[in-house]
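Please work through the exercises below with the sequence and the coordinates at hand, and attempt each task before reading its solution.

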Amino acid sequence: MATLHFELVSPEKLLFSGEVEQVDVPGAEGDFGVLAGHAPVVTTLRPGFLTVYANGGTQKIVVLGGFAEVSDKGLTVVADLADSVEDFDKSLLATHIGEIEQKIQKTEPGSALDKLVTRLDHFKAVDRHLTGTAMH
């Protein structure tokens with residue numbers, strides 16, 4: 001199978017750099033898979049899970065936003081916060097959920113409120129996945 005170069009960067013460090021078969025990305029408009037030869041695209045990320053397929057195995061990585069760029073050089077993901085499912089600090093997620101819930105209470109109805117509710121739903125979905133099925 002053809003491979004592509006993948007880099008995952010967070011503000012703290014380079015988390016991954018290497019050749020992979022595929023990466024599934026939680027794009028703001030929906031999940032999408034990237035294989036070698038993918039058309040160029042730049043998109044924002046929603047809170048969710050990157051799934052990296054390499055060397056016959058998979059690795060799940062929690063991301064809490066950022067952006068992804070697919071180019072002829074491969075895929076680069078710049079994440080606001082990212083860590084492996086096993087190492088992810090769930091207290092950070094709880095903090096984000098609490099902050100969004102407070103903002104929602106102070107926001108008037110309209111598109112800003114709709115965006116906050118959608119973001120809260122994404123964070124809660126990540127939390128449910130980590131609590132329920134991610135470690136099985």
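Two exercises follow, one on strand pairing and one on a helix.

The model is predicted, so local features need pLDDT of at least 70 and side-chain atom pairs count only at pLDDT 80 or more, while totals for chains, interfaces and linings use all residues. Residues are numbered from 1 along each chain as its sequence is written, and side-chain values use heavy atoms, with hydrogens and water left out.

**Exercise 1.** Determine in which sense strand E7 pairs with E1 and with E6.

Solution. Strands are DSSP runs of E of at least two residues, and helices are runs of H or I of at least four, numbered from the N terminus; two strands pair if DSSP finds at least two bridges between them. Strand E1 (residues 4–9) meets E7 (residues 74–79) in the parallel sense, over four bridges, with phenylalanine 6 opposite leucine 75. Strand E6 (residues 57–71) runs antiparallel to E7 and is joined to it by six bridges, with glycine 66 opposite alanine 79. Two residues lie between E6 and E7, which form a hairpin.

**Exercise 2.** Establish where the buried residues of helix H2 lie around its axis.

Solution. Begin with burial (buried is under 20% relative accessible area, exposed over 50%, partly exposed in between, with a 1.4 Å probe and protein chains only). Leu113, Leu116, Leu120, Phe123, Val126 and Leu130 of H2 are buried. Viewed down the axis, the buried residues fall within an arc of 145° and so line one face of H2, the arc being that of the directions from the helix axis to the C-beta atoms. Ser111 and Arg128, on the other side of H2, are exposed. Finally, the buried residues of H2 pack against strand E5 (41–54), E6 and helix H1 (90–106), where contact means heavy atoms within 4.5 Å.
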